[in-house]
Amino acid sequence: MASWIEHSHKPYQAQHLLVGLSDREVLELVASFRLCGFWRFNVDTGHVFGTPEFCQIFGIDHSEGPLDLVRLSATIHPDDHAAMMETFERASAARLAYHNLYRVKTGTAKFKFVRSVGKFRANEDGEGDVIGMTYELFPQKSSIIGFIPDEEMLKG
């Protein structure tokens, strides 16, 4: 099974407006819930731009311009890298929205799970960017995505 899931485009529902929350307040609430960063991948140039929080998740230095893709790629678990690249290709070619779960290095042999949610954003010429948000998942007791046996969860 692929580590990415395609999502059909669903209409934007501003449910937060029904209870009197602004877009800014929603963003503040999401950002306070867990570490999340925002990014943009320019399809034409191959450049990735990210917020300081995005860089913090990956343990790389922030830059106002394009990020160092070699350094960024080196933080992604080798077994997840090919699926990540396929996700960007599919999102760009088919103009899809998606989410992807993958592992990011936190040490020599340790990884954490993160989730990226993104979509293609076209400009007036029909070209564009893949834009998105990446956030850390809560710490896991296992290095396996999915089912964690009860005996492992109960370890202290």
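Is Leu137 buried, partly exposed or exposed? With a relative accessible area of 24%, Leu137 is partly exposed, because buried would require a value under 20% and exposed one over 50%. This is a predicted model, so a word on confidence comes before the other details.

## Confidence

The chain has a mean pLDDT of 79, and 79% of its residues reach 70 or more. Strand S1 (residues 4–7) has the lowest confidence, at a mean of 50, while strand S3 (residues 48–50) has the highest, at 95. Over residues 142–149 the pLDDT falls below 50. That stretch still has 10 contacts in the model beyond near neighbours in sequence. Where pLDDT is low, the predicted coordinates should not be read in detail.

## Around Leu137

Leu137 sits in the loop that runs between strand S6 (128–136) and helix H6 (150–153). Leaving aside residues up to four places away in sequence, Leu137 touches Arg34, Leu101, Phe113, Val114 and Arg115. One of these partners, Leu101, is 36 residues away along the chain, and its C-alpha atom is separated from that of Leu137 by 9.1 Å.

## Salt bridges

Let's turn to the charged side chains. Side chains of opposite charge can pair when their charged atoms come close. The count of salt bridges in this model comes to 5, and the table gives some of them.

| Pair | Closest N to O |
|---|---|
| Asp129 and Arg40 | 3.6 Å |
| Asp80 and Arg103 | 2.7 Å |
| Lys112 and Glu136 | 2.5 Å |

Here is where these pairs sit. The salt bridge of Asp129 with Arg40 links distant parts of the chain, with Asp129 in strand S6 and Arg40 in strand S2 (residues 36–42), 89 residues apart. Asp129 is buried, at a relative accessible area of 9%, whereas Arg40 is partly exposed at 27%. Arg40 and Asp129 also belong, together with Arg121, to a network of salt bridges.

Asp80 and Arg103 form a salt bridge that likewise links distant parts of the chain: Asp80 is in helix H5 (residues 78–94) and Arg103 in strand S4 (residues 97–105), 23 residues apart. Asp80 has 11% relative accessibility and Arg103 has 18%, so each counts as buried under the 20% cut-off.

Lys112 and Glu136 meet through their side chains, and this pair links strand S5 (residues 111–122) to strand S6 across 24 residues. Glu136 counts as partly exposed, at 22% relative accessibility.

## Asn42 and its neighbours

What does the side chain of Asn42 make a polar contact with? The partner is the side chain of Asp129, at 3.1 Å. Asn42 lies in strand S2 and is buried, at 16% relative accessibility. Apart from residues up to four places away in sequence, Asn42 touches His47, Gly128 and Asp129. Asp129 therefore has a polar contact with Asn42 as well as a salt bridge with Arg40, and is itself buried at 9%.

## Lys112 and its neighbours

Lys112, in strand S5, has a polar partner besides Glu136: a polar atom of its side chain lies 2.8 Å from the backbone oxygen of Ile57. Not counting residues up to four places away in sequence, Lys112 touches Gln56, Ile57, Tyr102, Arg103, Val104, Thr106 and Glu136. Arg103, one of these contacts, is the salt-bridge partner of Asp80.

## Helix H5

Helix H5 has 17 residues and reaches 25 Å from its first C-alpha to its last, close to the 24 Å expected at 1.5 Å a residue. Its buried residues are Asp80, Ala83, Met84, Thr87, Phe88, Ala91 and Ser92. An α-helix has 3.6 residues a turn, so residues three or four places apart point the same way. Just after H5, Arg95 takes a positive phi of about 60°.

## Cysteines

How many disulfides does the count come to? The count comes to 0. Cys36 is buried, with a relative accessible area of 5%, and Cys55 is buried too, at 1%.

Key:
Residues numbered from 1 in each chain as written. Predicted model: local features only at pLDDT ≥ 70, side-chain atom pairs only at ≥ 80, totals over all residues. Heavy atoms only, no water. pLDDT = per-residue confidence, 0-100. Helix = DSSP H or I, 4+ residues; strand = E, 2+ residues; numbered from the N terminus. Contact = heavy atoms within 4.5 Å. Buried < 20%, exposed > 50% of the residue type's maximum accessible area, 1.4 Å probe, protein only. Disulfide = S-S within 2.5 Å. Salt bridge = Lys/Arg side-chain N within 4 Å of Asp/Glu carboxyl O. Polar contact = N/O pair within 3.5 Å; in protein donor to acceptor, adjacent residues only side chain to side chain. Expected span 1.5 Å × (residues − 1).
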